[in-house]
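Visitor: Could you show me how to read a model of two chains? I would like the general idea, then the case at hand.

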Amino acid sequence: MAELQIRGLRKAFGDTEVISNVDLTVKDGEFVVFVGPSGCGKSTLLRMIAGLETATAGNISIDGRDVSNADPSKRGIAMVFQTYALYPHMTVEENMGFGLEMSGVPSAERKRLVRKAAETLHLEPYLARKPRQLSGGQRQRVAIGRAIVRDPKIFLFDEPLSNLDAELRVRMRIEIAKLHSDLGATMIYVTHDQVEAMTLASRIVVLRDGRIEQVGTPMELYNDPDNRFVAGFIGSPKMNFVPVRVKGRTESGAVKLEVEALGLKDFAILPRNPSAPIEGSIFLGIRPEHFEPAGTAGGATVRLPVGAIEHLGGISYAYSDPGQETSLAAEIRGMPDLKAGSEVTLTVRPQTCLLFSQSGERL
Amino acid sequence: MRRSLASNILLAFSITFLVLLIGLPFWWVLSGSFKLPQEIIARVPTMFPHSFTLQHFGKLLSGSDYPVYMANSLIVAGLSTVITLVLAVPAAYAFFRLAFPGREMLYRAILLAYAFPSIVVLIPLFGMFARIGLIDTLAALVIINVTFALPFSIWMLRSFFASVPKEIEEAAVMDGAPPTVILRRIMIPLVTPGIASVGIFAFISAWTEYVFASVLIVSDARRTVPVGFSGIIGQYQIDWGLLLAGAGLAVLPVVILFALVGRWFVSGLTEGAVK
């Protein structure tokens with residue numbers, strides 16, 4: 001049972017503010033992922049929760065108890081580091097038992113708890129080994145095991161998979177998800193990989209420049225982003241942002257647009273807030289996977305020049321003007337013969353499109 | 001990596017040259033100490049001894065104060081090494097880990113100890129030691145040796161501490177280990193190569209120290225090997241056999257020390273900790 005509350009948290013190094021006024025509640029048993037580009041403050045925020053960095057202002061409480069000034073080991077949290085940070089001179093068993101030893105757990109009990117955690121992580125054959133005798137995936141498991149044995153209220157993961165190769169990363173990702181459902185513990189996970197964020201999170205916190213841009217479930221962020229940054233960060237390949245001109249409004253409140261890049265003269269899209277004034281030049285957001293086959297009902301037909309094409313087998317990605325800012329990406333299915341230099345006819349449905357202002361807010 | 005024949009030959013030649021440069025004098029001392037006196041001073045020197053005798057060692061160990069000097073030197077060098085390590089390890093960790101005002105200044109200031117040639121500080125130190133009654137004691141030499149070995153030892157150990165990944169310490173903090181436990185259980189085991197290097201450095205500087213030992217020690221019974229040994233040479237004119245035997249024995253403790261701590265110079269001790 002552990003709920004984490006962060007109120008008005010700030011962190012500054014001299015004049016540089018790396019975390020500005022963060023408010024966040026992580027509910028018991030939730031898997032929350034902090035995601036954002038490098039330097040957005042996600043790791044600093046995690047380290048502040050861990051107690052490895054002190055806050056300039058604000059407070060952090062766990063289960064209603066203010067731990068802002070508590071010693072890291074007294075917060076009831078365990079952390080898994082990106083670099084594993086195993087003690088190289090100790091065996092796997094000693095590594096996993098060190099925290100218990102520090103908190104005064106008797107040797108026999110320690111042994112039992114370490115065995116139990118090792119069983120969960122399939123580490124029993126390696127208990128007598130030193131970290132250097134283990135593979136990357138095994139080391140990462142030991143690092144996780146070291147966290148599990150302490151039975152923490154909250155697990156913190158700082159980019160735990162970024163040192164692993166692609167295949168192992170997928171396997172460990174699934175293991176971490178399973179671990180979360182088995183333990184039912186509160187977990188906070190930092191990553192810059194939006195696939196990890198989408199697949200693991202119950203809720204995602206998108207950070208930029210030390211601020212929370214949006215908090216929501218993966219699908220909320222995907223379908224209903226608050227701004228252009230979140231829209232562009234979630235989803236791969238990235239959402240297309242097409243400059244458009246507002247021509248007027250329909251009676252239902254939809255915005256009538258002229259989309260020069262797609263050759264659309266009269267494209268009507270219902271904004272998030274139908275009564276808000278919208279005019280001038282704005283951006284239309286279309287995800288590559290929302291270009292649908294020609295003839296899909298309820299959509300406008302567009303012709304996209306194919307400047308470059310990537311065939312991945314089941315799907316292909318077409319790029320209209322590769323290398324240029326204005327290039328559009330489209331996901332195409334069932335056209336394995338499409339060649340660069342040709343043209344493709346597709347459909348765009350207004351309900352899959354989003355509108356953003358010049359400054360990036362969602363309209 | 002493939003090297004050409006020419007570069008291989010060059011490397012082999014360089015290594016051979018270095019080995020000869022360093023090894024030959026040792027061989028000369030060692031082989032000479034077992035030669036009969038007439039062979040040592042023979043007009044045509046012999047690379048490999050034609051004679052064998054232990055008379056020089058016998059004379060050195062039973063007919064001179066050499067064993068006493070040796071014991072004094074072992075006490076002085078041993079104690080200096082231990083005290084240097086006991087002080088340098090926590091000091092280096094403090095300089096590395098604790099943030100306190102003036103840390104960088106102090107860190108550089110301690111190296112000032114090497115700014116003055118020992119002969120310059122000899123007279124004031126003699127005065128101070130005379131006042132507190134330390135003249136002619138081995139303790140005086142230990143204090144001097146520790147004082148001069150410490151700054152460099154701290155400086156060197158700090159960079160060894162700095163080479164330990166920060167996350168390992170943070171993991172220990174998260175595990176609830178207090179700083180003293182982190183130092184003892186995590187950091188010290190990870191910097192053993194550094195501790196071994198510093199130990200050898202402290203031992204050798206104490207073992208070979210001459211200037212202070214020659215001035216601060218007055219009585220023959222408290223002399224260390226470098227000073228006492230130079231007396232032996234004068235005492236018997238130049239007895240080459242005795243000189244070579246004494247020099248050979250003087251090297252022995254250092255060689256033994258290297259053999260003992262050599263296995264701690266394991267590179268990549270932190271391998272497997274991160275990545």
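Guide: We will go through chain B, then a hairpin, then the contact. This is a predicted model, where local features need pLDDT of at least 70 and side-chain atom pairs count only at pLDDT 80 or more, while totals for chains, interfaces and linings use all residues. Residues are numbered from 1 along each chain as its sequence is written, with chains lettered from A and ligands numbered from 1 in the order in which they are written.

Visitor: How many helices and strands does chain B have?

Guide: Helices (H or I, at least four residues) and strands (E, at least two) are DSSP runs, numbered from the N terminus. Chain B has 13 helices and 0 strands. Its radius of gyration, over C-alpha atoms, is 23 Å, well over the 19 Å that the globule rule (2.2 Å times the number of residues to the power 0.38) gives for 275 residues, so chain B is more spread out than a compact globule. Its C-alpha atoms fill a box of roughly 70 × 65 × 30 Å along the principal axes.

Visitor: In which sense do β12 and β13 of chain A pair?

Guide: Strands pair if DSSP finds at least two bridges between them. β12 (255-259) and β13 (264-269) of chain A are antiparallel over 4 bridges, with A:Lys256 opposite A:Ala268. They form a hairpin with 4 residues between them, and A:Gly263 in the turn has a positive phi of about 70 degrees.

Visitor: How many residues does each chain bring to the contact?

Guide: Residues are in contact if their C-beta atoms, placed from the backbone, lie within 7 Å. Chain A brings 24 residues and chain B 20 residues. On the chain A side, the largest share, 3 residues, comes from α2(A).

Conventions. Two residues are in contact if their C-beta atoms, placed from the backbone, lie within 7 Å.
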